[in-house]
Amino acid sequence: RIMISNDGATISDEDAEKVFDRFYQTDKSRGGSGLGLAIAKALCKQNGWNIKCEKNKGKTVFTLIF
């Protein structure tokens with residue numbers, strides 16, 4: 001299990017539900033294609049792993065479970 005959390009602003013409930021969707025961007029002004037987390041999710045599924053996004057104690061936490 002690998003957990004990655006931020007020290008900045010937390011992700012909104014709406015964004016947390018959509019963050020793994022292809023082309024979804026929480027902030028379009030920052031550039032990017034919105035594919036990074038969609039690719040990560042696809043790789044996890046292909047290998048039988050799991051990835052999730054949660055809010056915990058005021059932080060956004062991504063967990064990768066092998």
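**View 1. Phe62 in strand β3.** Phe62 of this predicted model sits in strand β3, where strands are DSSP runs of E with at least two residues and helices are runs of H or I with at least four, numbered from the N terminus. Phe62 is partly exposed at 22% relative accessibility (buried is under 20% relative accessible area, exposed is over 50%, and partly exposed is in between, with a 1.4 Å probe and protein chains only). Not counting residues up to four places away in sequence, Phe62 touches Ile2, Met3, Ile4, Val19, Phe20, Leu37, Lys52 and Cys53 (contact means heavy atoms within 4.5 Å). From Phe62 to Asn6 the C-alpha to C-alpha distance is 9.1 Å, with their positions 56 residues apart in sequence. Residues are numbered from 1 along each chain as its sequence is written, and side-chain values use heavy atoms, without hydrogens and water. Local features in this predicted model need pLDDT of at least 70 and side-chain atom pairs count only at pLDDT 80 or more, whereas totals for chains, interfaces and linings use all residues.

**View 2. Thr63 in strand β3.** Thr63 also belongs to strand β3. Its relative accessible area is 2%, so Thr63 is buried. Leaving out residues up to four places away in sequence, Thr63 is in contact with Arg1, Ile2, Met3, Asn50, Ile51, Lys52 and Glu54. Ile2, Met3 and Lys52 appear both in this list and among the contacts of Phe62. The C-alpha atoms of Thr63 and Leu37 are 12 Å apart, and the two residues are 26 apart in sequence.

**View 3. Leu37 in helix α2.** Leu37 is part of helix α2, which covers residues 36-47. With a relative accessible area of 28%, Leu37 is partly exposed. Apart from neighbours within four places in sequence, the contacts of Leu37 are Val19, Phe20 and Phe62. Leu37 is also one of the residues closest to the centre of the largest pocket, as View 4 shows.

**View 4. The largest pocket.** The largest pocket holds about 390 Å³ of space. Its lining numbers 21 residues, and those closest to the centre are Val19, Tyr24, Gln25, Thr26 and Leu37. Two elements, α2 (36-47) and β3 (59-65), give two or more residues to this lining. Helix α2 supplies the largest share, 3 residues. By class, the lining splits into 8 nonpolar, 10 polar and 3 charged residues (nonpolar: Ala, Val, Leu, Ile, Met, Phe, Trp, Tyr, Cys and Pro; charged: Asp, Glu, Lys and Arg; polar: the others, Gly among them). On a 1 Å grid over the protein atoms alone, a pocket is an open set of points where a 1.4 Å probe fits, with protein on both sides within 12 Å along at least five of seven lines, and lining residues have an atom within 4 Å of a point. Points are joined across faces, edges and corners, and the volume is the space filled by probe spheres set on them.

**View 5. Two loop residues with positive phi.** Phe23 lies in the loop between α1 (13-18) and α2. Its phi is about 70°, a positive value although Phe23 is not a glycine. Phe23 is exposed, at 52% relative accessibility. Lys57 is in the loop between β2 (50-56) and β3. Lys57 has a positive phi near 55° and is not a glycine either. Its relative accessibility is 80%, so Lys57 counts as exposed.

**View 6. Phe66 after strand β3.** Phe66 is located in the segment after β3. Phe66 counts as exposed, with 53% relative accessibility. Outside the neighbours within four places in sequence, Phe66 contacts Arg1, Ile2 and Trp49. Phe66 and Ile2 are 64 residues apart in sequence, and their C-alpha atoms are 8.5 Å apart.

**View 7. The chain as context for the close-ups.** The protein chain has 2 helices and 3 strands, in the order β-α-α-β-β from the N terminus. Its radius of gyration is 12 Å, close to the 11 Å of the globule rule for 66 residues, so the chain is as compact as a globular protein of that length (the radius is taken over C-alpha atoms, and the rule is 2.2 Å times the number of residues to the power 0.38). Along the principal axes, the C-alpha atoms fill a box of roughly 30 × 30 × 15 Å. Of the 66 residues, 23% are buried. Among contacts with a separation of 6 or more, 45% join residues 24 or more positions apart.
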